[in-house]
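Let's walk through this protein together, from its overall make-up to a few residues worth a closer look. Please keep the viewer open as you read.

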Amino acid sequence: MVFQKARATHKPIAASSAFIIFGLIILSSLLSGCMVGPNFKRPIGPSLKTYKTNGHKPNNSLTAIAQQKLILGKDIPRQWWTVFRSPQLNQLIEKAIKNNPNLQAGQAALAQAQENAFAQRGALYPSVDASFKGNRQQVSGAQFGNPSFKGSVFNLYNASVQVSYTLDVFGGIRRQIESLKAQAEYQRFQLEGVFLTLAANVVTTAIEEASLREQIALTEEIIRTREDQLNITRQQFELGTSSKAPLVAQQTDLAQLRTTLPTLQQQLAVARHRLSVLVGDLPTQEEASQFQLADLTLPDDVPLSLPSRLVEQRPDIRAQEAVLHAASAQIGVVQASILPDFTLNANIGTIATQVGNLFMPGSLIWSVGGNLLQPIFKGGEFVHKKRAALASYQEAAGYYKNTVLQSFQNVVDVLSALEFDAAQLQAQDNAAQVALENVELTRQQFQLGASSYLPLLDAQRSYQQIQLGQIKAKAMRLADTAALFQALGGGWWNRPEIAAPTKPIKKTKSAMPWLDPIKETFQEIQK
């Protein structure tokens, strides 16, 4: 019978709570209609129609030999590295995207910023808390002006629901949410920047590795040619048909050439180590792929984004824009903190000396009230905070402007480099053709007995030196082509947004046991 009464009296209590909460929400929607502070307006890009290098517009056809063309306005593919047509390179970048720790850290930073923004949204809604208290106490008659009353000892139980709601009348909470969303946007484009840099580093390191490998092979071939030439000169000196001066000169030349080989080998080792780390492996672990310049194809058509699109495409510009947005929102947060703060509170519950009587008639207690807080004097705190917020916005604006300027400089620098690379490669090809003709002519003269073997070795040595220049010029042109894709933003807008993994990490056999404690800690947190 007691249980039935408790259920009967509980309904008006629940109805009263629901009515209070509903009323608070309606009142908030009526009062929260404005937001102080500036409404953020996105900066617009420079109104340029094309890029200029050294005072001239870039030529659509960079060279007549390679027939590489810049297509102004063409969009950048999302996997821009595939234009080099190297399956080996594509697999390496896929592995890097999957395992690179910087990319994983960027994903976690983005998730953190997004969750902080989501968490702040809770401040727009009423907070509801339930509590239960129980205590045993003694009261004295002296508390009520009757010392002769001995007092009594009793138990007191209280079950209640508290509702508190801060009315966002001037938009301070919404500006704070806006700022946190902008910070999440900043982390998003920081992540895109890490992705772009990672892909570009893998491509350029693979090109460097291929170039060094071919330079080493050609240098070893040149050393063998010089050794043959030195042996002939030594024989001529021993027979007395030549002086010692040519012999010493060739010995010095060969010794200097041999010193270049360890440097190239050391550079190749560093490039190999860098590739291993980029794909998420220890340098001492599995060897990364080995590349040859012949495996990498120079793309015939290279997209060149319009200058007006650059501010939309570059992750570093978009990240600085997000910083500017967050600083703008913080001005509103500071301005709202100077204005009145309205808070509504409601409390409904029951109180009784026995637990079984908590929901009996006569045990209901409730209170409804509000709080108005208007700062009056804070010793100039708000004035200086507002000035600081404005200075922070001006600082972000300066960094944004500098980032845009540097981005355009980056693009025109790469375009200039491509032009000079094309001219350099053409000059190297012309020189190689002439040197090869000289080798063939000298060989014919030697075969006819019109000259000795030394002129033929000299011609071969000159041709091999030019071949070294060709290798470097080809590698530089490939690397600068990759740099142009990076300078234009890398096509991130044409693929799904990178997000942090939401599924729990499965316990699998680790390729890096030294990281197991970190993974185990994360798995415990997820549980």
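The report below moves from the whole chain to its helices, its core and its aromatic residues.

## Overall picture

This is a predicted model, so everything here describes computed geometry. The secondary structure amounts to 10 helices and 6 strands. Of the 527 residues in the protein, 38% are buried. The exposed area is about 29,800 Å², and carbon and sulfur atoms supply 57% of that area.

How much of the contact network joins residues 24 or more positions apart? Among contacts with a separation of 6 or more, such pairs account for 82%.

## Two helices to look at: H4 and H5

Helix H4 (172-238) is a good place to begin. Its 67 residues should span 99 Å at 1.5 Å a residue, and the end C-alpha atoms lie 95 Å apart, which agrees. Just after H4 comes Gly240, with a positive phi of about 85 degrees.

Helix H5 covers residues 244-278. With 35 residues, H5 reaches 52 Å from its first C-alpha to its last, close to the expected 51 Å. Gly280 follows H5 and also has a positive phi, in this case near 90 degrees. The buried residues of H5 include Leu247, Gln250, Leu254, Leu257, Leu261, Leu264 and Leu268. An α-helix has 3.6 residues a turn, so residues three or four places apart point the same way. Arg272 and Ser276 are also among the buried residues of H5. Cover for the buried residues of H5 comes from elements including helix H2 (87-99) and H4.

## The nonpolar core

The largest nonpolar core holds 65 residues. Which of them touch the most other members? They are Tyr51, Trp80, Leu89, Val202, Val203 and Leu484. The elements giving two or more residues to this core include H2, H4, H5, H8, helix H3 (101-120), strand E4 (301-304) and helix H9 (453-487). H4 gives the most, with 17 residues.

Val203 shows what the surroundings look like from one of these positions. Leaving aside neighbours within four places in sequence, Val203 is in contact with Trp80, Trp81, Phe84, Leu89, Ile93 and Ala482. Apart from the largest core lies another core, of 7 residues, among them Val439, Leu456, Ala459 and Ile466.

## Aromatic pairs and a cluster

The model has 7 aromatic pairs. In one of them, the ring centres of Tyr51 and Phe408 are 6.4 Å apart and the planes meet at 45 degrees, so the pair is tilted. These two residues are 357 apart in the chain: Tyr51 is in the loop between helix H1 (2-31) and strand E1 (69-72), while Phe408 is in helix H8 (residues 381-447). Tyr51 is buried, with a relative accessible area of 2%, and Phe408 counts as buried at 12%.

Another pair is made by Phe132 and Tyr157, whose ring centres are 6.4 Å apart with planes at 20 degrees, so this pair is stacked. Phe132 belongs to strand E2 (residues 127-139) and Tyr157 to strand E3 (residues 152-167), so the pair ties together parts 25 residues apart in sequence. Is Phe132 buried or exposed? Its relative accessibility is 51%, so Phe132 counts as exposed, because exposed means over 50%.

Trp80, Trp81, Phe195 and Phe485 form one aromatic cluster. A charge joins the scene at Phe195: the charged end of Arg495 sits over the ring, 4.0 Å from its centre.

## Phe485 and Trp492

Phe485 is found in helix H9 and is buried, at 0% relative accessibility. Not counting residues up to four places away in sequence, Phe485 touches Ile76, Pro77, Trp80, Val83, Val302, Pro303 and Gly490. Pro303 is 182 residues away in sequence, yet the two C-alpha atoms are 8.1 Å apart.

Where does Trp492 lie? Trp492 is in the loop between H9 and helix H10 (516-526), and at 8% relative accessibility it counts as buried. Beyond neighbours within four places in sequence, Trp492 is in contact with Arg188, Phe189, Glu192, Glu312, Gln313, Pro315 and Arg318. Gly193 and Trp492 are 299 residues apart in sequence and 9.4 Å apart in space, C-alpha to C-alpha.

Methods. Residues numbered from 1 in each chain as written. Predicted model: local features only at pLDDT ≥ 70, side-chain atom pairs only at ≥ 80, totals over all residues. Heavy atoms only, no water. Helix = DSSP H or I, 4+ residues; strand = E, 2+ residues; numbered from the N terminus. Buried < 20%, exposed > 50% of the residue type's maximum accessible area, 1.4 Å probe, protein only. Contact = heavy atoms within 4.5 Å. Areas by Shrake-Rupley, 256 points an atom, 1.4 Å probe, with all protein chains shown as cover. Phe/Tyr/Trp six-rings, centres within 6.5 Å; stacked < 30°, edge-to-face > 60°. Lys NZ or Arg CZ within 6 Å of the ring centre and 35° of its normal. Expected span 1.5 Å × (residues − 1). Core = buried A, V, L, I, M, F, W, Y, C linked by side-chain atoms within 4.5 Å.
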